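Please walk me through this structure. I would like to know why each label is given.

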Amino acid sequence: MVENRDPAVRVDRGFWIVTALIAVLSLLAIVVCYLFPITHYLPEAVVPANEIDSLFRFLSAGGSVVYIIVIGYLLYFSFAFRGRRGDAPNAVGLPIRDNNRLEFWWTAVPTIFIIVLAVFSVYIWRQINLGQPNNGLVMESIGHQWYYDFRYPKVKGTVPNEMHLPLNVPVTLHVTSGDVIHSFWVPGMRLKADMVPGLINTLRFTPLNAGRYPIICTEFCGVQHGIMNKQLVVIEDRKSFDSWLAATQSKNKNLSDNPSAASASTVNLSGGVVSAGQQTFGQKCAACHSATGSFSQRIVGPGLKGVLHDPAHPKLVDGDPATPENVAKIVHNGYTGDMGNMPNAQTNGLSDKDIANLVAYLATLK
Ligand code: CUA
C-alpha cells in the first residue's frame with residue numbers, strides 16, 4: 001500500500017520577496033546594534049563597561065534577528081494563508097505534517113546561537129571577575145530597609161548611604177543584606193548585584209569618571225523600597241579620597257567595630273561538629289579561603305590549612321595567638337585590616353553553632 005504523501009507545497013514569489021526583506025532588515029539591525037553610540041548616552045564610567053557593552057551589542061543583534069525572522073514570517077504566512085471569501089465553511093487548510101530538514105535547522109541554529117552566547121557570557125564574566133587586579137580597595141556594602149551601609153578598611157563602624165571611591169583605583173565590593181533581599185544597582189556604571197541575606201556577592205570594577213551616580217535598589221523590599229534610590233556614589237581623586245577617609249576614621253574612632261562584639265567571648269565552642277563545619281565552610285567561606293592552601297595562598301583571604309597548627313604562623317591576622325577562641329572571635333566579629341575585609345558572622349548569616357562547627361572543622365586542617 002502506498003503511503004499517503006503530503007501534497008507538494010510550493011512557495012511562491014511572495015515568499016522569496018519576504019525572505020529577501022527579512023535578510024535586509026536583519027543585516028540592518030545588526031549594523032544598528034553594532035554602530036549604536038551607547039557611550040554617548042551612558043559614558044563608560046568603569047572598567048568592565050566596554051566588555052558589558054560588547055555582550056549587550058551581541059545579544060541585541062542576535063535577539064533582533066530572531067525577532068525579525070519570527071515576526072516577518074508570521075505576518076507573511078498569516079497573510080498568504082488567510083481564509084478567503086468563497087472557501088468552504090469547513091476548510092482546514094493544507095494537511096502538512098512535518099519536514100525533517102526544516103525542523104533540524106530551526107533546532108540547530110538557535111542551539112548554536114545559545115551556545116555561542118553562553119560561551120561569550122562566561123568569557124566576559126571571567127574577564128570582569130578574574131581579569132582585574134585584586135590589590136585595590138576592598139570594601140563592603142550592606143543593604144537594609146531602607147538604606148545602604150558601607151564598610152571601609154580601617155574605618156570603624158559603617159558609613160551610611162554615601163559611597164566614596166577614588167578615581168582609577170580597582171575596587172572589590174562585597175555586597176550582602178542585613179534583612180531582606182535588596183539590590184545594589186548603579187545604572188550609570190553598568191553595575192548590578194543582588195544583596196541577599198547570608199550570601200555575599202562581589203562586584204569588581206575600576207571607576208574611570210569622577211561624578212555622582214545614583215545607587216538604586218531594584219528588589220522590592222518593603223513599603224519604602226521606592227526611597228532606596230537616592231544614594232549617591234562620589235568619585236574623587238586619590239588625595240581628596242584619602243582625606244575623606246581620614247576624616248571618617250576620626251569621626252568613627254569611638255564606635256565599636258561591631259555592636260555585638262562583646263558577645264564574641266560567649267560563643268560556646270564545645271560540641272562543634274566537624275562534618276557540619278566542613279559543609280558550612282563550603283557554603284560560606286570557600287569563595288575567599290582555601291582549605292588546602294597555607295596562609296600565603298590567598299584567594300581573597302588567606303589559605304586556612306593548618307590555621308591552628310602552623311609553626312610559621314603562630315598568630316592570626318589580627319595579631320592574636322592562633323587559638324580556637326581567637327579564630328571564633330574573628331569569625332564572629334569579622335576582620336578589617338591590611339589584608340582587607342571579612343564580614344562579621346551576622347552579615348555572613350552564621351549562628352554561634354555554625355561558628356563552633358567551623359572552628360571544629362578548621363582545627364582538623366593540618
Ligand atoms: Cu531595598 Cu528595594
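**Labels and reasons**

Q: Why is Lys154 called exposed?
A: Its relative accessible area is 53%. Exposed means over 50%, so Lys154 qualifies. This is a predicted model, and Lys154 sits in the loop between β2 and β3 (159-160).

Q: What is the phi of Lys154?
A: Phi is near 65 degrees for Lys154, a positive value in a residue other than glycine.

Q: Why does Arg190 count as buried?
A: The relative accessible area of Arg190 is 12%. The cut-off for buried is under 20%, so Arg190 is buried. Arg190 belongs to the loop between β6 (182-186) and β7 (191-195). Its phi is positive too, near 60 degrees.

Q: Are Cys217 and Cys285 buried or exposed?
A: Cys217 has 4% relative accessibility. Cys285 has a relative accessible area of 14%. Buried means under 20%, so Cys217 is buried, and so is Cys285.

Q: How many disulfides does the structure hold?
A: Zero. A disulfide would need a pair of cysteine sulfur atoms within 2.5 Å.

Q: Which residues touch the most other members of the largest nonpolar core?
A: Tyr152, Met163 and Phe184 do, in a core of 33 residues. A second, separate core has 22 residues, including Ala291 and Ile330.

Q: What makes β4 and β9 edge strands?
A: Each pairs on one side only. The open sheet has three strands in the order β4-β10-β9, with mixed pairing. The edges are β4 (163-166) and β9 (211-215). Neighbouring strands here are turned by 25 degrees against each other on average, direction ignored.

Q: How do you know that β4 and β10 pair?
A: Pairing takes at least two bridges. Strand β10 (residues 231-236) and β4 have four bridges, in the parallel sense. One partnership joins His164 to Val234 in β10.

Q: Which helix lies across β4 and β10?
A: Helix α5 (residues 238-251) does, running at about 140 degrees to β4.

Q: What kind of peptide bond joins Gln145 and Trp146?
A: The bond is cis, with omega about 0 degrees. Trp146 is in the loop between β1 (137-144) and β2 (147-151).

Q: What is the mean pLDDT of the protein?
A: The mean is 84, and 91% of the residues reach 70 or more. Over residues 258-263 the pLDDT is below 50. That stretch has six contacts in the model beyond near neighbours in sequence.

Key. Residues are numbered from 1 along each chain as its sequence is written. This is a predicted model: local features need pLDDT of at least 70, side-chain atom pairs count only at pLDDT 80 or more; totals for chains, interfaces and linings use all residues. Side-chain values use heavy atoms; hydrogens and water are left out. A nonpolar core is a set of buried Ala, Val, Leu, Ile, Met, Phe, Trp, Tyr and Cys residues joined through side-chain atoms within 4.5 Å. Buried means under 20% relative accessible area, exposed over 50%, partly exposed in between (1.4 Å probe, protein chains only). Helices (H or I, at least four residues) and strands (E, at least two) are DSSP runs, numbered from the N terminus. Axes are lines fitted to C-alpha atoms, for helices over the stretch in contact, and angles run from 0 to 180 degrees between N-to-C directions. Contact means heavy atoms within 4.5 Å. pLDDT is the predictor's confidence in each residue, from 0 to 100.
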